[in-house]
Amino acid sequence: MTVLRALAFNLYFLLLTIVMGILAFPIRLFAPGRALAYAKVWTGLTLRGLQRICRIDIKVSGMQHLPAGPCLLACQHQSEFDTLVWMNLVPRPTYVMKRELERIPLVGPMLRLSGMIPVDRDGKAKALRALLAATDAAVADGRQVIIFPEGTRMAPGAPVSLQPGIAALATHTGLPVIPVATDAGLFWKPGGLLKRPGTIHIVVGEPLPAGLRRAQLLPAIAQAWRQLCTDHGLPVPTQASPADPAPKTV
C-alpha cells in the first residue's frame with residue numbers, strides 16, 4: 001500500500017506541476033508580481049496531496065523564535081520536502097538554490113520570478129558576490145532567506161559538513177541566523193520515490209548569537225542542530241566535519 005500511495009502521489013505531483021506550469025504563463029507575461037503567491041498555491045497543493053495520499057503529517061514547533069522581518073534560516077536538508085515546506089511557513093520566503101533548477105521546464109522560470117536566489121556552485125568568488133547581491137535585494141524586499149548549509153541532501157543522523165556560504169551571508173547582512181532541524185528524510189528519503197507514512201517534524205531553534213565569525217558560526221549551527229534533534233527525539237547528527245571552501249547550495 002505504501003508503494004501504491006507513493007506512486008499515486010508522484011503522479012499527482014507531476015500532473016499538478018505540469019498544469020500549474022502551463023497556467024503560469026499569464027503570470028509570467030502580465031502579472032510577475034503575483035509569482036510568489038502563485039508558487040505558494042503550488043507548494044500548498046503539493047503538501048496537501050502528500051498528507052492525504054501518503055498519510056504524511058507535518059508538525060512544526062518553535063515558530064515563535066522567528067523574527068517578524070528578514071532572517072537567515074539555516075535548515076537541515078534531508079529531502080525534496082525541505083525545498084517545498086517553507087514556502088507556506090513564512091510570509092515572504094526566498095530559497096538559496098542551485099542554478100541548475102532554473103533549467104527545469106515550466107518550473108524554472110517561475111523560480112527566479114518568485115524571488116528565489118540561484119547560485120552557481122562552481123563559481124567560487126564570482127558566485128559568492130552574486131549571492132550577496134541577490135540576498136541584499138531579498139532583504140530589502142522583506143524576505144526570509146532559506147539556506148541549506150550542508151549544500152546537499154543528507155541522510156538523517158549523517159555527519160554534519162557545512163559550506164561557508166551561510167557565514168558570508170550572516171556577516172554581510174547582519175541578519176539573525178535561525179537553526180532548523182528536521183527528520184524529513186525518515187519519511188521522504190533523499191532522492192527517493194517512496195514516502196513512508198508518519199509525521200515529519202520541523203523544529204525551529206532560537207537565533208544564534210549575533211556577530212559570530214565563520215569559525216564560530218558553522219560549529220554553532222551544527223551544535224544547535226544536534227541539540228534540537230536531541231531535545232525533540234529526532235536523528236542526531238553524529239559529528240561535525242571541516243567546511244568545504246566552495247559556496248555550495250541546493
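Four short exercises with worked solutions follow.

The model is predicted: local features need pLDDT of at least 70, side-chain atom pairs count only at pLDDT 80 or more, and totals for chains, interfaces and linings use all residues. Residues are numbered from 1 along each chain as its sequence is written, and side-chain values use heavy atoms, with hydrogens and water left out.

**Exercise 1. Find the strands that pair with strand 8, and give the sense of each pairing.**

Solution.
- Start with the terms. Helices (H or I, at least four residues) and strands (E, at least two) are DSSP runs, numbered from the N terminus. Two strands pair if DSSP finds at least two bridges between them.
- Take strand 1 (residues 56-61). It pairs with strand 8 (residues 198-204) in the parallel sense, over 6 bridges. Ile56 stands opposite Gly198.
- Take strand 7 (residues 177-182). Its pairing with strand 8 is antiparallel, over 3 bridges. Here Ala181 faces Val203.

**Exercise 2. Classify the ring pair Phe9 and Phe13.**

Solution.
- Rings of Phe, Tyr and Trp (its six-membered ring) pair if their centres lie within 6.5 Å; planes under 30 degrees apart count as stacked, over 60 as edge-to-face and the rest as tilted.
- The structure holds 5 aromatic pairs. In the Phe9 and Phe13 pair, the centres are 6.1 Å apart and the planes at 20°, so the pair is stacked.
- Both residues sit in helix 1 (residues 2-23). They are 4 residues apart, about one helical turn.
- Now check accessibility. Buried means under 20% relative accessible area, exposed over 50%, partly exposed in between (1.4 Å probe, protein chains only). Phe9, at 1%, is buried. Phe13, at 27%, is partly exposed.
- Widen the view. Phe9, Tyr12, Phe13, Trp42 and Trp188 form one aromatic cluster.

**Exercise 3. Locate Arg92 and its salt-bridge partner Asp141.**

Solution.
- A salt bridge is a side-chain nitrogen of Lys or Arg within 4 Å of a carboxyl oxygen of Asp or Glu.
- Arg92 and Asp141 meet at 2.6 Å, N to O. Arg92 lies in the loop between helix 4 (82-85) and strand 3 (93-98), and Asp141 in the loop between helix 6 (124-140) and strand 5 (144-147), so the bridge ties together parts 49 residues apart in sequence.
- Arg92 is partly exposed at 31%. Asp141 is also partly exposed, at 37%.
- Arg143 joins Arg92 and Asp141 in a network of salt bridges.

**Exercise 4. Check the length of helix 8 (residues 214-232).**

Solution.
- The expected span is 1.5 Å times one less than the number of residues.
- For 19 residues this gives 27 Å. The end C-alpha atoms are 27 Å apart, which agrees.
- Gly233 follows helix 8, with a positive phi near 70°.
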